[in-house]
Every structure is written in structure tokens, then in C-alpha cells.
Amino acid sequence: AFVRLGNILAGLMIGEITYFATNSLGLAAAAISVSVAIKTAIDAVTDLIMGAIVDKTHTRFGKARPWVLAGIPMWLTLIACFMAPTGLLDDTGLLIYLTIFQILHSAVFSTMTNIAYETHIKRCVVKEENRIKTLTIVGVIYAIGSLALQMALPAIISAFHGSQSGFIIMSLVTGAIGISACICSFALNKEYTEEELAEFGGYSVEEAREKVPIGQFLKSVLK
């Protein structure tokens with residue numbers, strides 16, 4: 001649940017990148033809008049690719065569990081966005097810098113974390129009644145936390161007068177919480193083996209391990 005809440009917070013923080021770039025760094029709104037559009041376009045593609053990669057992952061830690069740790073670089077790249085080196089780069093350099101780290105944060109590591117999170121729940125909570133309880137708790141925390149964060153974040157930004165130092169402090173504090181949640185989720189929530197999942201689900205292990213080529217997977221999604 002805290003990983004999910006952390007992902008919401010990361011999404012809200014990266015959503016403030018336009019405000020940060022224009023008000024804190026003094027970049028042109030049109031330029032940063034293009035940067036955000038590039039990130040969004042790439043994100044749409046990586047969603048499909050990451051789903052296929054998770055499906056083909058087989059490690060001693062499980063299928064989705066290792067990818068939960070992608071939350072660590074997700075938070076580090078978010079922090080890097082707000083720690084843009086204004087003293088070293090001109091406006092063009094800062095725009096390129098923000099574009100690169102936005103893509104790494106949202107289109108790569110955030111996609112890894114979110115897709116892994118959904119799969120991880122299904123593979124570590126297999127009984128239907130327990131899964132319903134878990135998803136209900138997560139849903140309640142999601143709703144309350146999301147509302148609280150949406151109300152609090154603008155007030156916090158205002159308190160720091162939209163300064164870069166304020167954004168850096170917020171990203172470091174929230175990043176520490178988010179990284180801790182990812183590590184705890186990886187350490188405490190173990191996945192069931194394919195044999196155990198097959199026994200619970202009433203299907204064969206061979207069926208579960210059947211590999212679908214990424215090209216075939218993408219074609220089926222795009223139909």
C-alpha cells in the first residue's frame with residue numbers, strides 16, 4: 001500500500017515539473033511543454049514493452065518482485081530533475097537535462113515499478129478473499145492519500161515560494177520514504193512459486209511457463 005502511495009506522490013511531484021521549470025528555472029513554457037509531450041509519447045510505448053518483459057522474467061525472487069526495486073532509480077531520477085545544475089547549464093542545456101531525466105523517471109523506471117506492482121500483488125496474495133481484502137485496503141489508502149497529497153502539495157510549494165531549494169527538499173524527503181517503501185515491499189512480500197500458483201489456480205505449470213514472443217505479444221495488444 002505504501003509503495004502505491006509513494007507512486008502517487010512521485011506522479012504528483014513530476015506533474016509539477018512544468019511549474020518548476022517555468023517558475024523556478026525560468027524556462028519557456030512552450031519549450032517545457034514539448035519536453036513533457038516527448039516523455040508522454042515514449043511512455044505510451046514503454047508500457048507495452050515493460051509488460052512483455054515482466055511476463056518473460058523468471059528469477060529466484062519471482063517474476064515481478066525484482067522489478068519492484070525499480071522504484072529506487074525512479075525516485076533518484078525524480079530527485080535529479082529538481083536538482084538541475086542551473087550554474088552549469090544554459091536554458092537549452094537545462095531543457096535537455098529535464099527531458100532526459102523525465103523520460104528515465106516516467107517512461108522507464110516508473111513504468112517498471114507500476115506494472116511490477118500490479119503483478120506482484122497477484123503473485124503474492126493468491127487466495128481470492130485475501131486479495132479482495134488487500135486491494136480494498138490499498139484502495140482506501142490510495143483514495144485518502146491521493147486526496148490529502150493533492151491538497152497538501154500546492155500549499156507546501158507555496159510555503160517554499162516555488163524555489164528550487166524547496167523542490168529539492170520535498171523530493172529528498174519524499175524520495176527517502178518512497179525508496180524505503182520499495183525496499184520493504186521487496187524484502188517482506190515474497191512471491192509464490194509457479195508450482196504453488198498453478199496449484200491455487202487449477203492450471204498446469206507448463207501452461208504458466210509458456211513463453212510468448214514479445215513481437216507476438218505486441219501484435220495481440222495492438223489488434
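# Rings, cysteines and surface

Student: Is phenylalanine 20 buried or exposed?
Tutor: In this predicted model, the relative accessible area of phenylalanine 20 is 0%. The cut-off for a buried residue is under 20%. Phenylalanine 20 is therefore classed as buried.

Student: How many helices and strands does the chain have?
Tutor: From the N terminus on, the elements run α-α-α-α-α-α-α-α-α-α-α. The secondary structure therefore comes to 0 strands, and the helix count is 11 helices.

Student: What percentage of the residues in the chain are buried?
Tutor: The chain has 223 residues. Residues under 20% relative accessible area count as buried. Their share of the chain is 38%.

Student: How many residues of helix 5 are buried?
Tutor: Helix 5 covers residues 71-82 and reaches 17 Å from its first C-alpha to its last, close to the expected 16 Å. The buried residues include Gly71, Trp75, Leu78 and Phe82. The helix is mostly covered, and the buried count is 9 of its 12 residues.

Student: Which geometry does the aromatic pair of phenylalanine 20 and phenylalanine 82 have?
Tutor: The whole structure holds 6 aromatic pairs. In the pair of phenylalanine 20 and phenylalanine 82, the ring centres are 5.0 Å apart and the planes meet at 80°. Planes over 60 degrees apart count as edge-to-face, so this pair is edge-to-face.

Student: How many residues apart in sequence are the parts that this pair ties together?
Tutor: Phenylalanine 20 belongs to helix 2 (residues 17-24), and phenylalanine 82 belongs to helix 5. Phenylalanine 82 is buried, at 0% relative accessibility. The parts tied together by the pair are separated in sequence by 62 residues.

Student: What kind of aromatic pair do phenylalanine 61 and phenylalanine 186 form?
Tutor: Their ring centres are 5.3 Å apart, with 55° between the planes. Edge-to-face needs over 60 degrees and stacked needs under 30. This pair therefore counts as tilted.

Student: Where is phenylalanine 61 in the chain?
Tutor: The pair links distant parts of the chain, with phenylalanine 186 in helix 8, 125 residues apart from phenylalanine 61. Phenylalanine 186 is buried at 16%, whereas phenylalanine 61 is partly exposed at 30%. Phenylalanine 61 sits in the loop between helix 3 (29-55) and helix 4 (65-68).

Student: Which residues do ring pairs link into a cluster?
Tutor: Phe20 and Phe82 form an aromatic pair. Ring pairs join these two with further residues, and the cluster consists of Tyr19, Phe20, Phe82 and Phe167.

Student: Why is cysteine 182 not bonded to cysteine 184?
Tutor: A disulfide needs cysteine sulfur atoms within 2.5 Å. Cysteine 184 holds the closest sulfur to that of cysteine 182, and this is too far for a bond because the gap is 9.4 Å.

Student: How many disulfides are there?
Tutor: Cysteine 182 is buried, with a relative accessibility of 1%. Cysteine 184 is partly exposed, at 42%. By the sulfur distance rule, the count comes to 0 disulfides.

Student: Which helix gives the most residues to the nonpolar surface patch?
Tutor: The patch is formed by Ile156, Phe160, Ile169, Val173 and Ile177, with about 430 Å² of accessible area together. Isoleucine 156 is in helix 7 (residues 128-159) and is partly exposed at 36%. The greatest contribution, 3 residues, comes from helix 8.

Definitions and conventions:
Residues numbered from 1 in each chain as written. Predicted model: local features only at pLDDT ≥ 70, side-chain atom pairs only at ≥ 80, totals over all residues. Heavy atoms only, no water. Buried < 20%, exposed > 50% of the residue type's maximum accessible area, 1.4 Å probe, protein only. Helix = DSSP H or I, 4+ residues; strand = E, 2+ residues; numbered from the N terminus. Expected span 1.5 Å × (residues − 1). Patch = residues over 30% accessible without salt bridge, like charges linked within 9 Å, V, L, I, M, F, W, Y side chains within 5 Å. Areas by Shrake-Rupley, 256 points an atom, 1.4 Å probe, with all protein chains shown as cover. Salt bridge = Lys/Arg side-chain N within 4 Å of Asp/Glu carboxyl O. Phe/Tyr/Trp six-rings, centres within 6.5 Å; stacked < 30°, edge-to-face > 60°.
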